[in-house]
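Please open the model in your viewer and keep the sequence panel beside it, since each stop below asks you to select something and then look at what is there.

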Amino acid sequence: MSRRSEFFRERIPVRDETLRELTNEPVPNHMKRWWFALGGTPAYLFLVMIGTGILLASYYQPGPTTAYQSVRFITEEVAFGWYIRSLHKWSATFMVAGIILHQLRVFFTGAYRRPRELNWMIGMGLLLSTLIGGFTGYSLVYEQLSFWGATVASNVADAIPFLGGFLKKTLLAGDSYNPHTLSRLFVIHAALMPACMVALLFLHIAMVRLHGVSELHFPDDTGAKRYFPFVPDHLFSEIIMGLVLMIVLSTLALVLPASMGPMADPLTTPEVIKPEWYFYVAFRWLKLFPATVAVLSMGCIVFLFLFWPFVDGWIRRRRPGSELSVGIGIVAVLCILGLTVWEALVAH
Ligand code: HEM
């Protein structure tokens, strides 16, 4: 043993067998299908977002007189600032899309069922934290749309009975948009949500390790070897996935770089206010019903999604063998898609 390895072995007393055991998790063969292993995609994008976010944060200055100028400085003056900002923005879009696809896979393969109910709930925590991160990030630029988007969101929060006033105050750092609002949004975006996500991700992956990935067998999966090792096989696939994603993100950053709209004007409401695509469904819902009804019904739907594994368990106990959950899932997906496309197509 070299002196260097001896030095480290003495200070980090981990045995070879322990290390092998920790990294050699047997992965079921069906995880070779990329859509089964989609959980690794948002995990990788989260790392890209943290890296690019740290670089952006070293130039961003929250505040109504500084935010817009600092984003313009990043985009136009800082070396590769436009690239880092575009990577950050595109990673956010891909991360939300990746989480939705991963959640769909988990739903339609029933991977949330006993004993993985709690991991589904942790996943819902990850989804909500990502959405809050996306919303607060969008608000930081201090463009017309970011300003009015944050104003609309705070009014929506205000419509929640009992909690609304508190939530609005927490979001805006006051009763209405004020000079401290951007600092508050920045702290939520760059510190609070990433911290929540790191904690939730740790729990999520720990639960995957404790339970193992759910087992499914496909007709073409006939080989005697039903598992493959996490290191190096699965790790290599994830690295290749990461490289492909980086090429796609860089191409999008070149072809469709993050742009800037007009600076926020608190006295002029824009004719059209549109959030990011992943909020289209909620935005359309809000336009269909009075604010309190819309907010309460959305809360109930999120609650239902959160506790879905238990609702599904109850349905299956009452109607054994029925796949009613799959039908409910298909209807839910069609409704979400329909409302999203509707909001995308109409100007107002
Ligand atoms: C940042 C977001 C997320 C990340 C990085 C992530 C990561 C992962 C990873 C790496 C796995 C291992 C299997 C795979 O790759 O599919 C996994 C499994 C799982 N995830 Fe997620 N996940 C996220 C969000 C969610 C969401 C939103 C849900 C559902 C609400 C969810 C529910 C589950 C469940 C139940 C499993 C176990 C599946 C099985 O054993 O087959 N996850 N997740």
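The tour goes from the whole chain to the ligand, and then to one pair of helices.

Begin with the whole protein chain, bearing in mind that this is a predicted model. Shown as a cartoon, the chain has 14 helices and two strands. Its radius of gyration is 23 Å, close to the 20 Å that the globule rule gives for 348 residues, so the protein chain is as compact as a globular protein of that length. If you turn the view along the principal axes, the C-alpha atoms fill a box of roughly 70 × 65 × 40 Å.

Next, select the ligand together with the 26 residues around it, among which G39, A43, A111, G123 and S214 come nearest. Coloured by character, this shell divides into 16 nonpolar residues, nine polar and one charged. Helix 3 (40-57), helix 5 (81-108), helix 6 (117-139) and helix 9 (181-211) each supply at least two residues of the shell, and helix 6 gives the most, with seven.

Now keep helix 6 and add helix 9: their axes come within 9 Å and cross at roughly 160°. Because of that angle, helix 6 is roughly antiparallel to helix 9, and the crossing is left-handed. To see the contact itself, display side chains on both helices, where the residues that meet include L118, I122, G123 and L126 in helix 6 and L185, I188, H189 and M193 in helix 9. The residues of this contact divide into 14 nonpolar, ten polar and no charged.

Note on methods
Residues are numbered from 1 along each chain as its sequence is written. This is a predicted model: local features need pLDDT of at least 70, side-chain atom pairs count only at pLDDT 80 or more; totals for chains, interfaces and linings use all residues. A residue is near a molecule or strand if its C-beta atom, placed from the backbone, lies within 6 Å of it. Helices (H or I, at least four residues) and strands (E, at least two) are DSSP runs, numbered from the N terminus. Ala, Val, Leu, Ile, Met, Phe, Trp, Tyr, Cys and Pro count as nonpolar, Asp, Glu, Lys and Arg as charged, and the others, Gly among them, as polar. Axes are lines fitted to C-alpha atoms, for helices over the stretch in contact, and angles run from 0 to 180 degrees between N-to-C directions. Angles under 35 degrees count as roughly parallel, over 145 as roughly antiparallel, 65 to 115 as roughly perpendicular and the rest as oblique. A crossing is left-handed if the near helix is turned anticlockwise from the far one by less than a right angle, and right-handed if clockwise. Two residues are in contact if their C-beta atoms, placed from the backbone, lie within 7 Å. The radius of gyration is taken over C-alpha atoms; the globule rule is 2.2 Å times the number of residues to the power 0.38.
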